[in-house]
Each structure stands twice: as structure tokens, then as C-alpha cells.
Amino acid sequence: MTYTSILAEHAAALRYDALPESVVKAAKRATLDLIGVIFPAVQYAPAKIMNEYVRRQACAPSATVIGTGIRTSTTNAALANGTMAAEMEQDDVHPQAGTHPGSVYVPAMLAVAE
């Protein structure tokens, strides 16, 4: 069994009610923080270019590009929102890993959840 399949099985079996309150609060804070980072990024060139690209794609409107009137595929919404999340370099940092995980998983999570 691969690490990915172990993680996927764990995630699939996980239930909201089983999560500790501290985990729920941390997830809400991280999600709202990243959405707050995305809104001003809409005005910058990388976001405008990506959002125009996404707008031109002929996709079923199943997910939202935050801060725009664009509804597109889950894949394109995750791509556009992820681009904006990383644009201003205000997204979260995992200090031990030196990574910005929220700008990757939150846009994908929101697109799929929607």
C-alpha cells in the first residue's frame, strides 16, 4: 500500500464530528485567511491573465473563481484560485517544511466541495 492510498483511505473514513474542536478552528482560520489573500490578488496581472484564460475555456460552470463572476470547471477554478492565493506571497507558511500548503489545498478543496 502506498502512502497516498493510506492517506486517501484515512481522509475518506474521517468524519467531521470526530475532529477535535482545535482542528476545526485551525481549518476555518486557514481557509478564511487564504480567501482573504485571494480577494486583493484579483487586481494583479498574473490573476488577470489566468482568469481571462479560465474565462475562455468552454467548461461546465461547477465552481467559482473567487472575487470574479467566473464559474468554471473544478480544475480551472482550483487553478485560478491557487494562482491568486500565491500571487501576493501572503499565503500561509509551514515553518518546518518551508512550504505554503494552503495555497495548494484550499483552492482545490473549495472547488471540489462546491
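Here is a short chat about the structure above.

Reader: What kind of model is this, and how are residues numbered?

Author: It's a predicted model, where local features need pLDDT of at least 70, side-chain atom pairs count only at pLDDT 80 or more, and totals for chains, interfaces and linings use all residues. Residues are numbered from 1 along each chain as its sequence is written, and side-chain values use heavy atoms, with hydrogens and water left out.

Reader: Cool. How many helices and strands are there?

Author: The protein has 5 helices and 2 strands, taken as DSSP runs (helices H or I, at least four residues; strands E, at least two) numbered from the N terminus. Starting at the N terminus, the order is α-α-α-β-β-α-α.

Reader: What span should α4 have?

Author: Helix α4 covers residues 74–87, and at 1.5 Å a residue its 14 residues should span 20 Å (1.5 Å times one less than the number of residues). The end C-alpha atoms are 20 Å apart, which agrees.

Reader: Which α4 residues are buried?

Author: Asn76, Ala77, Ala78, Ala80, Asn81, Gly82, Met84 and Ala85. Buried means under 20% relative accessible area with a 1.4 Å probe, protein chains only.

Reader: And what do those pack against?

Author: The buried residues of α4 pack against α2 (21–41), α3 (45–56), β1 (63–64), β2 (71–72) and α5 (102–113), with contact meaning heavy atoms within 4.5 Å.

Reader: Switching topic, how much of the whole protein is buried?

Author: 28% of its 114 residues. The C-alpha trace spans about 40 × 30 × 25 Å along its principal axes.

Conventions: Buried means under 20% relative accessible area, exposed over 50%, partly exposed in between (1.4 Å probe, protein chains only).
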